[in-house]
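Thanks, everyone, for making the time this morning. I would like to walk through one model with you, and I will put the sequence and the structure up now.

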Amino acid sequence: MSRGDGPLEELPKFADGSVPEQLAPERARPEQLLYVDRILRITCTVTPASSVIWLAGEIDATNCRAMLSILTQARRIDERLILDLGAVTFADISAIKALTAFTADRTLHVRNTPRQMARLMSLLNLPPFD
């Protein structure tokens, strides 16, 4: 599969397109689309416990600035914000550096960092997200 040509979500779905709640309880709630381009999709799910920002697809120099703008605006949604990177399939150095700077104050929780992203952070001597 080439970059930008695959599905953005990997969770199993029912015939109607919904995700089983036991697999992704936050995803059982309505998502708000915050940003989409050819290779990246950013959505938000607001729950009583915390709000989750979902990044899915590829983050690189072409969409890194837009991603940071959306994440900056999303900080206003909830003080217990969670950033889920589980569906990120590619992140270049500009994306890693931008996310590291954005999360430096540790006011949001980052979860599901992809293995290749964690490896690149390690090679760059950057602290892990989770």
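I will begin with the sheet and then turn to the helices that pack on it.

What you see is a predicted model, so please take what I say with that in mind. The sheet is an open one of 5 strands with mixed pairing, and its order is β1-β2-β3-β4-β5. At the edges are β1, residues 31-36, and β5, residues 109-111, each of which pairs on one side only, and from one strand to the next the twist averages 20°. The pairing of β4 with β5 is parallel and runs over 3 bridges, and within it Asp-84 has Arg-111 in β5 as its bridge partner.

Now to the helices. Helix α1 lies across β1, β2, β3 and β4, and runs at about 180° to β3, while α2 lies across β3 and β4, at about 170° to β4.

How, then, do α1 and α2 pack, and at what angle? Helix α1, residues 64-74, and helix α2, residues 93-102, pack at about 20° with axes 10 Å apart, and since angles under 35 degrees count as roughly parallel, the two are therefore roughly parallel to each other. Their crossing is right-handed. On the α1 side the contact involves Cys-64, Met-67, Leu-68, Leu-71 and Thr-72, which meet Ser-94, Ala-95, Ala-98, Leu-99 and Phe-102 of α2; of these contact residues, 8 are nonpolar, 2 are polar and none is charged.

Finally, the buried residues of α2, among them Ile-96 and Thr-100, pack against β3, α1, β4 and α3, the last of these being residues 115-123.

Definitions and conventions. Residues are numbered from 1 along each chain as its sequence is written. This is a predicted model: local features need pLDDT of at least 70, side-chain atom pairs count only at pLDDT 80 or more; totals for chains, interfaces and linings use all residues. Side-chain values use heavy atoms; hydrogens and water are left out. Axes are lines fitted to C-alpha atoms, for helices over the stretch in contact, and angles run from 0 to 180 degrees between N-to-C directions. Helices (H or I, at least four residues) and strands (E, at least two) are DSSP runs, numbered from the N terminus. Angles under 35 degrees count as roughly parallel, over 145 as roughly antiparallel, 65 to 115 as roughly perpendicular and the rest as oblique. A crossing is left-handed if the near helix is turned anticlockwise from the far one by less than a right angle, and right-handed if clockwise. Contact means heavy atoms within 4.5 Å. Ala, Val, Leu, Ile, Met, Phe, Trp, Tyr, Cys and Pro count as nonpolar, Asp, Glu, Lys and Arg as charged, and the others, Gly among them, as polar. Buried means under 20% relative accessible area, exposed over 50%, partly exposed in between (1.4 Å probe, protein chains only). Two strands pair if DSSP finds at least two bridges between them.
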